Amino acid sequence: MSEETVSRPKGQDFEASLERSDKRVASFEHNHRGVMDHIQKALHGNPTLVPVIVLVLSVVIFGVIAGGKFFSAFNLTLIMQQVSIIGLLAAAQSLIILTAGIDLSVAAIMVLMSVIMGNLAVSYGVPTFFALLIGFAGGGAAGFLNGLMVTRLKLPPFIVTLGTWNIFYALNLWLSGAQSIRSQDIDANAAALKFFGEAFKLGSARVTYGSLLMIVVFFALWFLLNKTAWGRHVYAIGDDKEAAELAGIRTDRTLVQVYMLAGLVCAIAAWSSVGRIGSISPQAFYEGNLQSITAVVIGGISLFGGRGSILGALFGALIVGVFQSGLKLAGVDVLWQVFAVGWLIILAVSIDQWIRKVSA
Amino acid sequence: MIKSATKTALLLGAATIATMAAAPAMAASHEVGACLITKTDTNPFFVKMKEGAVAGAEANGINLQTFAGKIDGDVETQVAAVETCIASGAKGILITPSDSRALAPVVTQAREAGLLVIALDTPFEPADTADATFATDNFKAGVLIGEWAKATLGDAAANAKIALLDLNASEISVDYLRDQGFLQGFGIDIKDPTDIGDEDDARIVGNDVTNGNEEGGRTAMENLLQKDPEINVVYTINEPAAAGAYEALKSVGRENDVLIVSVDGGCPGVQNIADGVIGATSMQFPLLMASKGIEAIKHFAETGEKPQNTEGLDFYNTGVELITDKPVDGLESLTSEAGLGKCWG
Amino acid sequence: MTQEPILKARGLVKRYGKVTALDQADFDLYPGEILAVIGDNGAGKSSLIKAISGAVIPDEGEITLEGKRIQFQSPLEARDAGIETVYQTLALSPALSITDNMFVGRELRKPGFMGKYLRMLDHKAMEAFAREKLNDLGLMTIQNINQAVETLSGGQRQGVAVARAAAFGSKVIILDEPTAALGVKESRKVLELIQDVRSRGIPIVLISHNMPHVFEVADRIHVHRLGSRLCTIRPGEYTMSDAVAFMTGAAEPPAEATAA
């Protein structure tokens, strides 16, 4: 309210002249859009496009550089196997990051659950089926604990999961005595724990059930996130929690559910990891949390929440796998592989920032 | 049983840490104080080392505090531990340095404050940064398994295809010593003995890193098999990496025609010798390193004398033994059955 | 006024420590009208609106909707009772589509197995409904019902928020400063939209600082001062200067206006 508008006599419609004005709101921009703007807009509408393009390009490029050894059905399915565990962790991580959170405890939950499943089934003779069930319940409970602290104590997810990462890791070492459970002992007592390490042949390709599991989990979560009301609420919360609350979403309850689901996915990854590694190793995947975040970020999911497709994380994990395999087969030293992944992360986040700036 | 022993050790460790607050008081009483600083308290190797130190301290009436980094390479935690130790008035420090060079300044500080510093397992660079080093001769450990592999292959050694599964990208001393020792034992020109991967012998298919665990061992083996599927000799930095490599070979049906050799002598590793997963391993003795270290500190506190190195080496050798169920002529070895009686973890 | 108010408040009191934000405030909204609420900053206007929309619980007083006593514990309860609020922030999720935003919390599921057991959304039905509602309100300059809300202009976003409020059989719509962030052209569209919604029979409470906009669309104006209703005036009978004078205390309102 300003004084001059108030003193204006009523009836003088100073907006009448607008009738003749250009009604197309800011439409002139269309005439000046360049190629980059079109790309930007296309990517904004379909953020998974970037990782898909990068994945296809990197497969082609490494196929040229490293030759047939890289570009064989066997090697490509091997890459799938190698990323299958980090891929599952990335799926769990995506759920949390979509809500604008972060979960540093994913790998710790997974390793703890694999140790629990293994200890119960191998050392204590619990039937494998029940050992698995207890592991899944434990994964859900671990996630529930994270979610509860994020929503009830109003602590930042980074802090909560930084804490539980350490807590779960310590529990894992306590339970396992930092000792691996040997492959032979698993075979003898609980062979079903290694189910996801088994494979079928498809020509020269060797596809493990673990690789298939990763893909199935990703598509199930994609369905949940995109085709159900619950999934849309997850996006809405990550986008703007306050708005979601005002629009009628019970944000805290949904958040707890998201953390629980992520914990469950970690427990599924735990089962799969026994097959992948062959043994149960309390020392493995120490950096699994960071690797999962790497896959999510390269997959075009925004760390600020609410944007990106969970399938992007699958492609992100595969891109990292393709880079590592390709660089190794090309004879590149380990430290340059680390170097390359570092640049990939920065590149991916820059693209994300650029896409977000799309104009109206 | 192993587990409960570990837990007891952990509890003892926690109890000693809990007494830290009372540490300055301890210096005033006439009890000798000592500190054990390991790379981590998770690796069974260090758990065993701690057990040895705790037992030795009890036997010698020494007040022992134990510290550990969170992960291998956690220098900050170790620096803080050394500082705490100096402040507590301890007589000596046993340390497995997470970084052979980065810890030198703080160790020098400790020595200037009159403490005896003994490096366990991993030597400093240069080794005389510490007063003494009690360690496995890692190069020798490598040589033993290299010689065993060469003798086992016989004439086929000339056409072997070798995969080297190392620790990580930082190439710390234990990593290159074992790797280069193995190659030397196998009869390969190692060029710079502190550099992994500078060899040009055609028998080497390639190197990859494992982080010393099963997952890394498997992935590294898969990658090297992609480079050359005819690999028939696999060197591994430790036994968990060897177990991972075995799984990778099994998945392509090659587990029976590849020789896997390793270093460590952990109980699951020795069991894997018995099960035919690993062909041979060089056993080291962490418990001995720690208990000898404690004795040295006690001796130093009483007489002011520092321990001497083993002749011809710049450290005190705590010994290494070859464990295999397929002994070869000219190489002393123990069977896995005998090994299980001496293994750690 | 012979009709009964659809939404009525009597003697509302809300204190924050020593500050009394609402001091025996009354409020009446009649069916089918646009009631503007004006008042100087700090007059307690937003406390009044929050009490009605369930965002704050008044310490004293009673509110009735269609003659029935109501006591909301949260904005969700108010919404369920038919009082929709379009917040100044709009409460839209920028990255979600127009359809998703319109249906947040009220999604439609597919019939049969897919909807019942897999809880699959019926995107087609939701899109059709959203398109129809936007069409009704003359908002179909929006090309693609599935475009993200953040790609819309400020006026279009306001339109989506209002359409969402009007779409689900609400009894009362509260609009908080709908034109404050908009340019001249877009404000015009939003004012047209408000009148459009009113013409469908839904009464509107309009909170605004913009006197020309208030005088253009409001049927009655509730002047809030010092925590309570000072008077209610009709735009045809008073000028904007009068309204500002009442609001700021520069002039006393006539007796018939204060009688409500």
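**A guided reading of a predicted model**

Visitor: In which helix is the place of Leu88(A)?

Guide: This is a predicted model, in which local features need pLDDT of at least 70 and side-chain atom pairs count only at pLDDT 80 or more, while totals for chains, interfaces and linings use all residues. Residues are numbered from 1 along each chain as its sequence is written, and chains are lettered from A and ligands numbered from 1 in the order in which they are written. Helices (DSSP runs of H or I, at least four residues) and strands (runs of E, at least two) are numbered from the N terminus. The place of Leu88(A) is within residues 73-98 of chain A, in helix α5.

Visitor: Is Leu88(A) buried or exposed?

Guide: A residue is buried if 20 or more other C-beta atoms, placed from the backbone, lie within 10 Å of its own, exposed if 12 or fewer, and partly exposed in between. Because Leu88(A) has 32 other C-beta atoms within 10 Å, Leu88(A) is buried.

Visitor: Which residues of α9(C) are buried, and why are they on the same side of the helix?

Guide: The arc is that of the directions from the helix axis to the C-beta atoms. The buried residues cover an arc of only 160° around the axis, which puts them on the same side of α9(C). They are Ala243(C), Val244(C), Phe246(C) and Met247(C).

Visitor: Which strands stand at the edges of the open sheet of chain B?

Guide: Strands of a sheet pair through backbone hydrogen bonds, either parallel or antiparallel. Two strands count as paired if DSSP finds at least two bridges between them. In chain B, six strands form an open sheet with mixed pairing, in the order β7-β6-β8-β9-β10-β12. Each edge strand has a single partner strand, so one side of each is left without a neighbour in the sheet; these strands are β7 (204-209) and β12 (320-324) of chain B.

Visitor: How many bridges join β6 to β8 in chain B?

Guide: Strand β6 (residues 162-166) and strand β8 (residues 233-236) of chain B run parallel. In β8(B), Val233(B) is the bridge partner of Ile162(B). The number of bridges that join β6 to β8 is four.

Visitor: How many residues does the contact take from chain C and from chain A?

Guide: Two residues are in contact if their C-beta atoms, placed from the backbone, lie within 7 Å. On the side of chain C that touches chain A, the elements that give two or more residues include α7 (184-199) and α9 (240-248) of chain C. The contact takes 33 residues from chain C and 27 residues from chain A.
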